[in-house]
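Let's take a walk through this structure together, one element at a time. Please keep the sequence and the 3D view at hand as you read.

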Amino acid sequence: MRYLAIGELARRAGLRPSALRYYEGLGLLPEARREGGRRVWPAAVLRRVALIRMAQRAGFTLAEIRGLLAGDPGGAATRQWRELAERKLPELDLFIRQTQQLRDAVASCLACGCMNFEDCGLLAADA
């Protein structure tokens, strides 16, 4: 089995070594083996790090990811992922709507062009 030192794993994953130590401390990564006082992980952990990062980009919290990774590596984990993703979709839809509203508000403010908070009609509408 091939092992990667923390620096090599971090480089390949596009992370800082401190992030890997943090993930390990949270239980997202298995405990590293020590070789010459350095942390090393099986090369296969790179795939697990990729899953963690993908889940984070999708809006999952580290606690949610930890729960997902705590499951069996087989079919149960796949079911867990599906259930978690189905619960997460409405949250993501709400976030998208709220972000679009924020974008529209900023665009309206720019379009107003008054450049004076004292006389801004948009601010008067909120009062």
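What follows is a tour of a predicted model, going from the sheet to the helix contacts and then to two individual residues.

Let's begin with the strands. They form an open sheet of three, in the order E1-E3-E2, and the pairing is antiparallel. Strand E1, residues 3-5, and strand E2, residues 33-35, stand at the edges; each has a single partner strand, so one side of each is left without a neighbour in the sheet. From one strand to the next, the twist averages 45°. If you look at the pairing of E2 with strand E3, which covers residues 38-42, you will find three bridges in the antiparallel sense. Here glutamate 35 stands opposite arginine 38 in E3.

Now turn to the helices, starting with H1 (residues 6-13) and H2 (residues 17-26). Their axes are 8 Å apart, and the two helices pack at an angle of about 100°. An angle from 65 to 115 degrees counts as roughly perpendicular, so that is the word for how H1 lies to H2. On the H1 side, the contact is made by Ile6, Leu9 and Ala10, which meet Pro17, Leu20 and Arg21 in H2. Sorted by class, this contact has five nonpolar residues, one charged residue and no polar ones.

H1 also has a contact with helix H3. The axes of H1 and H3 come within 10 Å and cross at roughly 45°, which makes H1 oblique to H3. The crossing of these two helices is right-handed. In this contact, Leu9, Arg12 and Ala13 of H1 meet Val45, Leu46, Val49 and Arg53 of H3. The classes here are five nonpolar, two charged and no polar residues. Leu9 is worth finding in your viewer: this H1 residue takes part in the contact with H2 and in the contact with H3.

From H3 (residues 45-57) we can move on to H4 (residues 62-69). Their axes come within 10 Å and cross at roughly 135°, which makes H3 oblique to H4. This crossing, too, is right-handed. H3 brings Arg48, Leu51, Ile52, Ala55 and Gln56 to the contact, while H4 brings Leu62, Ile65 and Leu69. Six of the residues in this contact are nonpolar, one is polar and one is charged.

Let's finish with two single residues. Is glutamate 24 buried or exposed? This residue, found in helix H2, has a relative accessible area of 13%, and since buried means under 20%, glutamate 24 counts as buried. Which residues does glutamate 24 touch, leaving aside its neighbours within four places in sequence? Its contacts are Leu29, Pro30, Glu31, Ala32, Arg39 and Trp41. Two of these names lead back to the sheet, as Arg39 and Trp41 fall within the residues 38-42 of E3.

The other residue is glutamine 80, placed in helix H5, which runs over residues 75-112. With a relative accessible area of 27%, glutamine 80 is partly exposed. How far apart are glutamine 80 and glycine 67 in sequence and in space? They are 13 residues apart along the chain, and their C-alpha atoms lie 8.8 Å apart. Glycine 67 belongs to the stretch 62-69 that makes up H4, which takes us back to the helices we have just visited.

Terms used
Residues are numbered from 1 along each chain as its sequence is written. This is a predicted model: local features need pLDDT of at least 70, side-chain atom pairs count only at pLDDT 80 or more; totals for chains, interfaces and linings use all residues. Side-chain values use heavy atoms; hydrogens and water are left out. Two strands pair if DSSP finds at least two bridges between them. Helices (H or I, at least four residues) and strands (E, at least two) are DSSP runs, numbered from the N terminus. Axes are lines fitted to C-alpha atoms, for helices over the stretch in contact, and angles run from 0 to 180 degrees between N-to-C directions. Angles under 35 degrees count as roughly parallel, over 145 as roughly antiparallel, 65 to 115 as roughly perpendicular and the rest as oblique. Contact means heavy atoms within 4.5 Å. Ala, Val, Leu, Ile, Met, Phe, Trp, Tyr, Cys and Pro count as nonpolar, Asp, Glu, Lys and Arg as charged, and the others, Gly among them, as polar. A crossing is left-handed if the near helix is turned anticlockwise from the far one by less than a right angle, and right-handed if clockwise. Buried means under 20% relative accessible area, exposed over 50%, partly exposed in between (1.4 Å probe, protein chains only).
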